[in-house]
Amino acid sequence: MKYKIALFLLLIFVLHSCQNENEKRRAENEKVAKKNEKIFNNINKSWIFIDEPINEVAEKNAGTWTEWREFLKEIGDKPRRTIGAFQKKSKAISKKALALNNNIPAEFNQPAIKSRISILITKIKMMELFINLSTVPDDKVTLLIGEINKEIISLERQMDKIVEKSKIPKEQGEEDFLKMLDTTRAIPNSNSPQVPIQKIDQNAPKVE
């Protein structure tokens with residue numbers, strides 16, 4: 001009889017312990033779920049990229065430069081529903097950003113453009129790294145989204161600057177260069193020997 005009572009009490013204890021463990025696990029899961037929901041909402045709210053060209057030059061490039069067009073299309077396609085969707089999208093954006101190093105139009109294939117592309121890729125890679133951590137630092141992801149937008153604007157403005165500079169007539173540049181040369185020639189050289197100027201005596205007899 002005592003054995004049955006002890007067994008019964010042990011069974012109740014085990015069931016009670018399991019119930020407490022389940023409740024504890026459920027509470028932890030709810031806490032994690034709420035935290036993930038907050039992270040998702042913050043990222044979802046801030047996930048706004050400048051996918052529309054800010055000037056005519058960038059818009060024209062979107063039509064002729066395939067890699068640039070596909071990059072803008074990728075950042076303009078916003079993921080939905082889960083943090084996993086944002087993680088997948090960040091990888092896709094990173095891939096398209098890396099492709100910007102390929103087939104750069106001849107007029108933009110210069111250090112000023114390449115350096116901006118490099119910075120843009122670095123920012124996107126950082127965003128991809130943070131958003132794929134087990135615990136996503138949503139504040140850092142949000143900050144990087146803003147910085148990525150700044151780099152996109154900087155790149156597009158540099159494109160416009162290069163095109164505007166190319167429109168300056170060469171004749172104008174040559175004229176300025178010639179003026180500079182004339183100014184340089186007009187300045188006497190202190191190291192050059194000075195030739196004395198002889199005065200002509202009006203009363204001196206003329207030699208026939």
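## Around helix α4

Setting aside neighbours within four places in sequence, S94 is in contact (heavy atoms within 4.5 Å) with I124, K125 and E128. This is a predicted model, in which local features need pLDDT of at least 70 and side-chain atom pairs count only at pLDDT 80 or more, while totals for chains, interfaces and linings use all residues. Residues are numbered from 1 along each chain as its sequence is written, and side-chain values use heavy atoms, with hydrogens and water left out.

So where does S94 sit? Its place is in helix α4, residues 83–98. Helices here are DSSP runs of H or I with at least four residues, numbered from the N terminus. S94 is buried, at a relative accessible area of 2%. For burial, the cut-offs on relative accessible area are under 20% for buried, over 50% for exposed, and partly exposed in between, using a 1.4 Å probe and protein chains only.

Now for the helix itself. With 16 residues at 1.5 Å a residue, α4 should span 22 Å, and its end C-alpha atoms are 23 Å apart, which agrees. That expected span is 1.5 Å times one less than the number of residues. Which residues of α4 are buried? They are F86, K89, S90, I93, S94 and A97. Looking down the axis of α4, these buried residues fall within an arc of 145°, so they line one face of the helix; the arc is taken from the directions that run from the helix axis to the C-beta atoms. K88 and K95 are exposed, on the other side of α4.

On to the charges. Side chains of opposite charge can pair when their charged atoms come close. A salt bridge here is a side-chain nitrogen of Lys or Arg within 4 Å of a carboxyl oxygen of Asp or Glu, and by this rule the count comes to six. Among them are these pairs with a lysine of α4:

| Lysine | Acid | Closest N and O atoms |
|---|---|---|
| K96 | E70 | 3.4 Å |
| K89 | E74 | 2.6 Å |
| K89 | D77 | 3.4 Å |

The K96 and E70 salt bridge links distant parts of the chain, with K96 in helix α4 and E70 in helix α3 (residues 66–76), 26 residues apart. K96 is partly exposed, at a relative accessible area of 26%, and E70 is partly exposed too, at 36%.

K89 has a salt bridge with E74. Since K89 lies in helix α4 and E74 in helix α3, the pair ties together parts that are 15 residues apart in sequence. K89 is buried, with a relative accessible area of 9%, and E74 counts as buried at 16%.

K89 also forms a salt bridge with D77. D77 lies in the loop between α3 and α4, so its pairing with K89 in helix α4 ties together parts that are twelve residues apart in sequence. D77 is partly exposed, with a relative accessible area of 45%. Salt bridges that share partners join E74, D77 and K89 into one network.

One last stop is N101, which lies in the loop between α4 and α5 (111–131). Is N101 buried or partly exposed? At 41% relative accessibility, N101 counts as partly exposed. Not counting residues up to four places away in sequence, N101 touches I117 and I121. N101 and E67 are 34 residues apart in sequence and 8.5 Å apart in space, C-alpha to C-alpha.

Key
Helices (H or I, at least four residues) and strands (E, at least two) are DSSP runs, numbered from the N terminus.
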